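The report that follows goes through one protein chain, from its overall make-up to a few individual residues. Please keep the sequence and the model in view while reading.

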Amino acid sequence: METIHLHHPIDTNTVSRGPLVMALGFFDGVHRGHQAVIKRARQEASKLGLPLAVLTFDISPKTIYQEINPEKIDYLTSLDEKATLMAQLGVDILYVAEMTSAFAVQSPEAFVANYLVDLNVQVAVAGFDYTYGKRDIANMATLPNYATGRFKVITVPQQTIDEEKIGSRHIRQQLRDGKVDQANRALGYPYFFTGRVINGEHRGRELGYPTANLSVPANTLIPGVGVYTVECVLNHHAYWGMASVGYNITFNEPKQQTIEINLFNFNEKIYGEYLKVYWHHFLRGEKKFDNAQALIAQMKNDRKESIAYRDRQMNEVS
C-alpha cells in the first residue's frame, strides 16, 4: 500500500494516481462500521478494475472544527496502526490529509473539486454520517449535488450490534469503562496498542509474578482500571498474559496510573523493548488487599482464568 501525505493546497501533478475508487472518513479504529465502508469500496474498485484509495486525516477533525486541544484526544489507532489495518482490507493508496485551518475552511464545492475531482475519483464511498464541512450542507445527502455527474456516490448505511450503532465514540467509552469484550465485538478484532517496557518498582517479581511496566505514547486510549487477559507480541513472538491498569493501591497511596503486564512462562529482562498488547478480556476491577498473600492468591486465580480464556479462544480458532 502506498501512503501519500497531502498538505492543502495540494499539487495534483505530484499526488494524483489516475482513476480510482475512494473511501472517505477519519476511520479511527477501523471498526466494523468502517470496514463495511472499505469493503463496499473494495467491491466497486474490483468491479471497475480500479485501485482503491482511502482519504483520511492526520489528526481528528475535532481539533479544528470543535477547537479541541489535540492533547486531550485519545485515539483507538495511531496513524501507523490505521495504515496497517487499511492494508489488510485491500487498500492500495492511503491519502492522509493534514487537518489545518486552510483545509477546514474549504466550501463543500471546493473540497469536492480539490480532493475528489482533482484526484480522479470515479466512485466515492462513505458512511451515512460522513461530513466534509458544516454538517447541514456538507453531508452524504448533498454530495451527489456537488458531484454533478463527475463521479458516482455510494452511501453505506449504519452498521449495528444488538440494534446499537457501531461508532468510534461509543467504542472509546466502552474501553474507558473496561468493557473490552464489548469494544472488541464492535472493532472486529482485539483492541491493541504498542508500549515500551520501562523500569518499575519490581514488586511483581517479589510476589512471584514479574511484570513489564509499559510507557505508551500520548493520545493512546488506555482501558479502564482493572485486570485483563492480554496477548502480547515481542520481537515477532506472541505471549499470553494478564495486565493490570491501576494505582497499586494495596501497597501505595494512589499515584500515577501504571500498566503492568505479566507474561506467562516468561522470565526475561526486556527493558527498552516494545510490546504490542492485544486486550482480549476483562477479568475484574482493581482491589485493595489486606496483605501480599491475599494479592498472590488473587493473581493465581487471575492467571487460571486467563489461561482458561486463552484455551477457549484457541479451541474456537482450531
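## Overall make-up

Of the 318 residues in the protein chain, 48% are buried, and these values, like the others in this report, were computed on a predicted model. The secondary structure of the chain comes to 11 helices and 14 strands, and its C-alpha atoms fill a box of roughly 70 × 45 × 40 Å when taken along the principal axes. Among the contacts with a separation of 6 or more, 74% join residues that are 24 or more positions apart.

The accessible surface of the protein chain is about 15,800 Å², and carbon and sulfur atoms contribute 48% of that area. The chain carries 33 positive and 34 negative side chains, and the centres of these two sets lie 3 Å apart.

## Two nonpolar cores

The largest nonpolar core has 54 residues, and the residues with the most contacts inside this core are Ile 261, Leu 275 and Trp 279. Helix α2, which spans residues 32-48, supplies the largest share of the core, namely five residues. A second core of 35 residues is separate from it, and its members include Ile 93, Phe 103, Ala 104 and Phe 151.

Which residues does Ile 261 touch, not counting residues up to four places away in sequence? The partners include Pro 210, Thr 211, Ala 212 and Leu 214, together with Val 230 and Cys 232. Also among the residues touched by Ile 261 are Met 242, Ala 243, Leu 275 and Val 277, and of these Leu 275 is itself one of the residues with the most contacts inside the largest core.

## A buried acid without a salt bridge

Glu 81 has its place in helix α4, which covers residues 79-88. This side chain is buried yet has no salt bridge. Because a salt bridge requires a side-chain nitrogen of Lys or Arg within 4 Å of a carboxyl oxygen, the nearest side chain of opposite charge, Lys 276 at 6.4 Å, does not form one with Glu 81. Leaving aside its neighbours within four places in sequence, Glu 81 is in contact with Leu 76, Phe 192, Phe 193 and Thr 194.

## Backbone features in loops

The peptide bond from His 8 to Pro 9 is cis, with omega near -5°, and Pro 9 is found in the loop between β1 (2-6) and α1 (12-15).

Val 30 and Asn 265 each call for a look at the backbone. Val 30 has a positive phi of about 45° although it is not a glycine, and Val 30 is found in the loop between β2 (20-24) and α2. Asn 265, likewise not a glycine, has a positive phi of about 55° and lies in the loop between β13 (258-263) and β14 (274-284). Are these two residues buried or exposed? Val 30 counts as buried because its relative accessibility is 1%, whereas Asn 265, at 70% relative accessibility, counts as exposed.

## Tyr 209 and a long separation

Tyr 209 lies in the loop between α10 (203-206) and β10 (212-215). With a relative accessible area of 13%, Tyr 209 is buried, since the cut-off for buried is under 20%. The C-alpha atoms of Tyr 209 and Leu 50 are separated by 53 Å, and these two residues are 159 residues apart along the chain.

Note on methods:
Residues numbered from 1 in each chain as written. Predicted model: local features only at pLDDT ≥ 70, side-chain atom pairs only at ≥ 80, totals over all residues. Heavy atoms only, no water. Core = buried A, V, L, I, M, F, W, Y, C linked by side-chain atoms within 4.5 Å. Buried < 20%, exposed > 50% of the residue type's maximum accessible area, 1.4 Å probe, protein only. Helix = DSSP H or I, 4+ residues; strand = E, 2+ residues; numbered from the N terminus. Contact = heavy atoms within 4.5 Å. Areas by Shrake-Rupley, 256 points an atom, 1.4 Å probe, with all protein chains shown as cover. Lys, Arg positive; Asp, Glu negative; His and termini not counted. Charge placed at Lys NZ, Arg CZ, Asp CG, Glu CD.
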